[in-house]
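I opened my notebook and went through this one piece by piece. Here is what I looked up.

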Amino acid sequence: MTTTIHDPVCGMTVNPQHSTISQLYKGQIYYFCSPLCKSMFEREPEKYVKSAEAESEQGKPMLLSGGGKTWQNKLMK
Ligand SMILES: [Zn+2]
């Protein structure tokens, strides 16, 4: 399964399978499109973590689709 992650610095889509540029911060791994973005993140991580939290709302539809399976199961019965 392929997951794409947004570079918290520039907002570019990063494929973690193709990117080795990552940074662990407060228990969360962040991926970057370039060493430049990583160095910018290291300089002011909290600035970029805030915007990453806002983007994490995009993960909510995935949770909703998981609930959709439950609805299908109910319809099957
Ligand atoms: Zn970047």
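**Core.** I started with the largest nonpolar core, which has 8 residues: Val-9, Val-14, Tyr-30, Tyr-31, Phe-32, Cys-37, Phe-41 and Tyr-48. A nonpolar core here is a set of buried Ala, Val, Leu, Ile, Met, Phe, Trp, Tyr and Cys residues joined through C-beta atoms within 7 Å. Buried is when 20 or more other C-beta atoms lie within 10 Å of a residue's own, exposed when 12 or fewer, partly exposed in between, with C-beta atoms placed from the backbone. Strand E4 (28-31) and helix H1 (35-43) are the elements that give two or more residues to this core. I noted that in soluble globular proteins nonpolar side chains tend to be buried together.

**Ground rules.** I'm looking at a predicted model, where local features need pLDDT of at least 70, side-chain atom pairs count only at pLDDT 80 or more, and totals for chains, interfaces and linings use all residues. Residues are numbered from 1 along each chain as its sequence is written.

**Phe-41.** Next I asked what Phe-41 is in contact with, leaving aside neighbours within four places in sequence. I found Pro-8, Val-9, Gln-23, Tyr-30, Phe-32 and Tyr-48. Contact means that the C-beta atoms, placed from the backbone, lie within 7 Å.

**Pro-8.** I then went to Pro-8, in the loop between strand E1 (5-6) and strand E2 (13-14). Pro-8 counts as buried because 26 other C-beta atoms lie within 10 Å. Its C-alpha is 5.6 Å from that of Tyr-48, although the two are 40 residues apart along the chain.

**Hairpin.** How do E3 and E4 run, and how many bridges join them? They run antiparallel, with 4 bridges; strands pair if DSSP finds at least two bridges between them. I wrote down that Ser-22 stands opposite Tyr-31, and Leu-24 opposite Ile-29. The two strands form a hairpin with 2 residues between them.

**Lys-26.** This one sits in the loop between strand E3 (22-25) and E4. Buried or exposed, and why? Lys-26 counts as exposed because it has 8 C-beta neighbours inside 10 Å. Its phi is near 50 degrees, a positive value in a residue other than glycine. Most residues other than glycine have a negative phi.

**Whole chain.** I counted 3 helices and 4 strands, in the order β-β-β-β-α-α-α from the N terminus. Helices (H or I, at least four residues) and strands (E, at least two) are DSSP runs, numbered from the N terminus. Of the 77 residues, 13% count as buried.

**Confidence.** Mean pLDDT (the predictor's confidence in each residue, from 0 to 100) is 77, and 62% of residues reach 70 or more. Among the elements, H1 has the highest mean, 96, and helix H3 (residues 60-76) the lowest, 54. Where pLDDT is low, the predicted coordinates should not be read in detail.

Definitions and conventions:
Two residues are in contact if their C-beta atoms, placed from the backbone, lie within 7 Å.
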